[in-house]
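This report describes the strand pairing and the ligand surroundings of the structure shown below.

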Amino acid sequence: MSKKVAMIGAGYVGLVTGACFASQGHRVICVDVVPEKVEQINAGITPIFEPGLEDLLTHTRSEGLLNATLDAVSAIKEAELVFIAVPTPSKEDGSIDLSFVEEASHTIGRTLKEAEHWKTIVVKSTVVPGTTENIVGKIIEEESGKKRGADFGLAMNPEFLKEGKAVEDFLNPDRVVIGAIDPKSFDEVKALYEWTEAPVLKTTPTTAELIKYAANSFLAMKISFINEIANYCELLGVDVSEVAQGIGLDERISPKFLRAGAGFGGSCFPKDVAALYSHSKHLGREMRLLKATLEVNKRQPLRTVELLREEIGALTEKSIAVLGLAFKPDTDDMREAASIPIIRKLIEEGAMVKATDPIAIPNAQKILSHSNLEYYETISDTLKNTDALILVTEWEMFKQLTPLEIKSLMRGNIVIDGRRVWKPELFQKHGLIYRGIGLGRRDNKSI
Ligand code: UDX
Ligand code: UDX
């Protein structure tokens, strides 16, 4: 049955979720505080780069199922379900900043005071365990004078979307987790997901909140684990990709999220692991594995610069190409991207940096600007007259580069593969010095 949904926050998660619900016949109003975003959505243009999203916007808007507004109050009044999908950034100390979630809860509570019909409030933002019940539920009750369960529903419904594959992930989920305070709230949220055959897990809101954190922490830990193995492989003259293949074939381990490289970035892994760690410490049960996961990841991007230094010596006055700026391919998202510490370190050591990315340059320019850093639109302009290159983001166009092309463009011959996308033998055959994360030089074994 078609439901009326208000989505507070039309960012990556809110807009994808809203557009996907609308594609299944639900009526969705997206609310955002940024006027340009609202205008763009209402013109069928997506403010973010996400494959498949623009088609979905055009299609759902033409059927009158998706709209955007700045007016939260009227959107909430209209809705049967109100989703909170506002940002939950990290504070300096790694703990979570819930101020946007609190603000949204106040607005919802005030609007609920006047509401005649039942509404279910659903937290979509990633929040520390306990937030939905102890903060969101409490604020809404205080503002509205109404009681959860009796006058309004309350649930937590985490997202498991990968950027660049968010629409696909949403429409083909591995599972749907609905943490609800009562059967009515559960049924209301479940009605939105009638189209999927994926298992639907019924939990409490706090369990749902923890499932999201535990899932991201486990995946992040897997990456830090293989990166630790990679760094050790370098000393043994062993190739980490063979080790990853060898362990990944064990069904209990699986080959996914075992790609060693310059570390994980993005809007979720670094922030969520830090928030869960900080919360566990706050409660007196410090999760040391999470701390180690973050420490390994902080060091990991700089391994590329260390490999470079082993080949080139001092970096002063050297011209270094950086291929890839986004935190992963197929997105323009620069949040916690490995390119940031890598470029900062290169500049700190006196190098001249030439950087490129198919779509993330405008976002990178907002974060990284220096007289020794220049951005280029094309690969050939970037590689021209450089002494070495570091591949940071494995965009398909970089993977397709051949040793001959690289050799003809560069001045020097050093290639640092921060994501292990190229075949070392091919590069060596053409006289290039190839170094990759987790690949030992056979001549520099320490054992
Ligand atoms: C956010 C959260 O950070 C994440 O924890 C959660 O899992 C999903 O929502 P994301 O969608 O990637 O992630 O954030 P972002 O792209 O920054 O979008 C948030 C949107 O909310 C922005 O469009 C912003 O303008 C809007 N917003 C922010 C509001 O509408 N109201 C506010 O008070 C603050
Ligand atoms: C992640 C989760 O996958 C998703 O379920 C959650 O909802 C949000 O966080 P996302 O951040 O979009 O999604 O990207 P993902 O593809 O998971 O990659 C995260 C980072 O890990 C990237 O920087 C990527 O380069 C890195 N990574 C991933 C590795 O270094 N090795 C791997 O094997 C996999």
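**Strands 1 and 4**

In this predicted model, strand 1 (residues 4-8) and strand 4 (residues 81-84) run parallel and are joined by four bridges. Within this pair, alanine 6 of strand 1 stands opposite valine 82 in strand 4. Strands of a sheet pair through backbone hydrogen bonds, either parallel or antiparallel.

**The eight-stranded sheet**

Strands 1 and 4 are neighbours in an open sheet of eight strands, whose order is 3-2-1-4-5-6-7-8. The pairing in this sheet is mixed. Strand 3 (66-69) and strand 8 stand at its edges; each has a single partner strand, so one side of each is left without a neighbour in the sheet. On average, and with direction ignored, neighbouring strands of this sheet are turned by 25 degrees against each other.

At the strand 8 edge, strand 7 (residues 176-180) is joined to strand 8 (residues 200-203) by four bridges, and the two strands run parallel. Valine 176 stands opposite valine 200 in strand 8. Between these two strands the chain passes through helix 8 (residues 183-190), forming a β-α-β crossover that is right-handed.

**The six-stranded sheet**

A further open sheet contains six strands in the order 11-10-9-12-13-14, and its pairing is parallel. Its edge strands are strand 11 (373-376) and strand 14, each of which pairs on one side only. The average turn between neighbouring strands of this sheet is 20 degrees, direction ignored.

Two neighbouring pairs in this sheet share strand 13. Strand 12 (residues 388-391) runs parallel to strand 13 and is joined to it by four bridges; here leucine 391 stands opposite aspartate 417 in strand 13. Strand 13 (residues 414-417) is in turn joined by four bridges to strand 14 (residues 433-436), and these strands also run parallel. In that pair, valine 415 stands opposite tyrosine 434 in strand 14. The chain reaches strand 14 from strand 13 through helix 18 (residues 424-429), in a β-α-β crossover that is right-handed.

**Surroundings of ligand 1**

Ligand 1 is surrounded by 22 residues, of which the closest are Val13, Asp32, Lys37, Thr88 and Thr126. By class, this shell divides into ten nonpolar, five polar and seven charged residues.

Several polar atoms of the protein lie beside oxygen atoms of ligand 1. An N or O atom in the side chain of threonine 126 is 2.8 Å from an oxygen atom of the ligand, and a polar side-chain atom of glutamate 159 is 3.0 Å from an oxygen atom of the ligand. In valine 33 the polar atom belongs to the backbone, and its distance from an oxygen atom of ligand 1 is 3.4 Å. Ligand 1 taken alone exposes 690 Å², and the protein buries 88% of that area. Helix 1 (12-23) and helix 5 (99-114) are the elements that give two or more residues to the shell around ligand 1.

**Surroundings of ligand 2**

Around ligand 2 there are 19 residues, and Glu163, Arg259, Gly265, Phe327 and Lys328 come nearest. The shell comprises nine nonpolar, three polar and seven charged residues. Helix 9 (residues 205-236) supplies three residues, the largest share of this shell.

Which backbone atoms approach the oxygen atoms of ligand 2? A backbone N or O atom of arginine 259 lies 2.8 Å from an oxygen atom of the ligand, and one of leucine 161 lies 3.1 Å from an oxygen atom of the ligand. A side chain also takes part: an N or O atom in the side chain of glutamate 159 is 3.3 Å from an oxygen atom of ligand 2. On its own, ligand 2 has 670 Å² of accessible area, and the protein covers 95% of it.

**A residue shared by the two ligands**

Glutamate 159 has side-chain contacts with both ligands. A polar atom of its side chain lies 3.0 Å from an oxygen atom of ligand 1, and an N or O atom of the glutamate 159 side chain is 3.3 Å from an oxygen atom of ligand 2.

Methods
Residues are numbered from 1 along each chain as its sequence is written. Chains are lettered from A and ligands numbered from 1 in the order in which they are written. This is a predicted model: local features need pLDDT of at least 70, side-chain atom pairs count only at pLDDT 80 or more; totals for chains, interfaces and linings use all residues. Side-chain values use heavy atoms; hydrogens and water are left out. Two strands pair if DSSP finds at least two bridges between them. A crossover is right-handed if, with the strands pointing away from the viewer, the path from the first strand over the helix to the second runs clockwise. A residue is near a molecule or strand if one of its heavy atoms lies within 4 Å of it. A polar contact is a pair of N or O atoms within 3.5 Å; within protein, one must be able to donate a hydrogen and the other to accept it, and residues adjacent in sequence count only if both atoms are side-chain atoms. Accessible areas come from the Shrake-Rupley method with a 1.4 Å probe; for residues, only the protein chains shown count as cover. Ala, Val, Leu, Ile, Met, Phe, Trp, Tyr, Cys and Pro count as nonpolar, Asp, Glu, Lys and Arg as charged, and the others, Gly among them, as polar. Axes are lines fitted to C-alpha atoms, for helices over the stretch in contact, and angles run from 0 to 180 degrees between N-to-C directions.
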